[in-house]
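Look at the sequence and the structure below before reading on. The text then takes up charged pairs and a loop residue, one at a time.

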Amino acid sequence: MNLHEYQSKALLKEYGLPVPTGQLVTTIDEAEKAFNVLGGDRWVIKAQVHTGGRGKAGGVRLVENRSDAFDYIKSLLGTRMVTYQTDTAGLPIEKLLIEPPSMIKRELYVGAIIDRSIGQLVIMASTEGGVEIEKVADESPEKIITTAINPMVGVQPYQGRKLGFALGLNGVQIRDFCMLLDGLVKLFVEKDLSLIEINPLIITESNELLCVDAKINIDDNGLYRHPELVGLRDLAQEDAREVAAREWDLNYISLDGEIGCMVNGAGLAMATMDLIKLHGGSPANFLDVGGTATRERVAEAFKIIMSDPNVKGVLVNIFGGIVRCDLIAEGILGAIEAVGITVPIVVRLEGNNAERGLELLASAKINIMAIQGLDAAAEAIVNLVRCD
């Protein structure tokens, strides 16, 4: 689950990290009150959307007076923002964060992520703050310094000093930086996060550290332990198909291709997508219906797949272990009846009640191609989509 910048900063502040004073607004009237609370005559206004690249897309601006501020706010609220990380439809701008401008002396980067190759939390730091860190990692990887946190002992002072010296901090700043890392790691572990990025972490003109921007992702698998965080989810910022899939306990991720995929098992789903690519096609989604799929869930899965206007064909790949292939077949037929699917469908059923499932599909006398063998099925759907 992704958080907005203002939500991320609230969590940072809760754990003792320094953040600017800000006001969240959704209307012009709220903005006027925010200006009165913040004081001054210059403010930074930031669109609150779940994407990077807001500045380049016009979603972050320093305004010099209230007139310019109001004009800018009116130009943002109710519109959609398109960045290099969104699709062409973009994301809705419903909230803005207003902050006083920060006096920046230097911009740094600090992040935390789980490195699954070593099974530990890793802290990343760089002197290249304020820019796309992915570009830095690709072009100048030596500028990103990392240190792994042993889960048995937590972050150690020497690790803070190591990163602080690499960032060119002085004695007082290193002390503050070590305290910042303590809070950051504690937040990451206690709230079951999957990512924290502070970019930029600035050094102000008064030589203090300040988290000017922040991004936090929460591990969905840990949300049951944090009911206080569940309400922070902004469904308007998420793909509607992914939201619908969660309601039916389906693991769905929207992609940019033209071949819809419905598979049981994450590993099998990845293999299916790979084979589609191998034969020259492009998957439109990742969809794992799980090992205990029911007829109703399969029908809903088909509806979700077909709600994507880019889908020109569907590949169903089911290996029946716990799940029964005849129930999958019934779900497919129910979805076709409910949605009126006209695109080509290729089905590969293997395992538990596979023969019965194939009989049901054959007796329905609908345009479904049943094929044995995953490679052959992937090749078939790619060819059908190309000929469509």
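The paragraphs below go through some salt bridges and then one serine.

The model is a predicted one. Side chains of opposite charge can pair when their charged atoms come close. In this structure there are 17 salt bridges, and three of them are described here.

Start with Glu5, whose salt bridge partner is Lys9, with 2.8 Å between the closest N and O atoms. Both residues belong to helix α1, which covers residues 5–14. They are four residues apart, about one turn of the helix. Are Glu5 and Lys9 buried or exposed? Both are buried.

The next pair is Arg42 and Glu64, and here too the closest N and O atoms of the salt bridge are 2.8 Å apart. This pair links distant parts of the chain, with the two positions 22 residues apart in numbering. Arg42 sits in the loop between α2 (28–38) and β2 (43–47), while Glu64 sits in the loop between β3 (60–63) and α3 (66–76). Arg42 has a relative accessible area of 32% and so counts as partly exposed, since that class lies between 20% and 50%. Glu64, at 41% relative accessibility, is also partly exposed.

A third salt bridge joins the side chains of Arg225 and Asp192, at 3.0 Å from N to O. Arg225 is in the loop between β12 (214–218) and α7 (227–230), and Asp192 is in the loop between α6 (171–190) and β10 (193–204), so the pair ties together parts that are 33 residues apart in sequence. What are the relative accessibilities of the two partners? Arg225 has 45% and is therefore partly exposed. Asp192 has a relative accessible area of 18%, which is under 20%, so Asp192 is buried.

Salt bridges can also share partners, and in this structure such sharing joins Glu5, Lys9, Lys46, Arg54, Glu99 and Asp213 into one network. The pair from helix α1, Glu5 and Lys9, thus belongs to that network.

Now turn to Ser102. Where does Ser102 lie? Its place is the loop between β6 (96–99) and β7 (104–115). With a relative accessible area of 25%, Ser102 is partly exposed. Which residues does Ser102 touch, leaving out those up to four places away in sequence? They are Ile202, Leu210 and Val212. Pro20 is 82 residues from Ser102 in sequence, yet the C-alpha atoms of the two are 7.9 Å apart in space.

Terms used: Residues numbered from 1 in each chain as written. Predicted model: local features only at pLDDT ≥ 70, side-chain atom pairs only at ≥ 80, totals over all residues. Heavy atoms only, no water. Buried < 20%, exposed > 50% of the residue type's maximum accessible area, 1.4 Å probe, protein only. Contact = heavy atoms within 4.5 Å. Salt bridge = Lys/Arg side-chain N within 4 Å of Asp/Glu carboxyl O.
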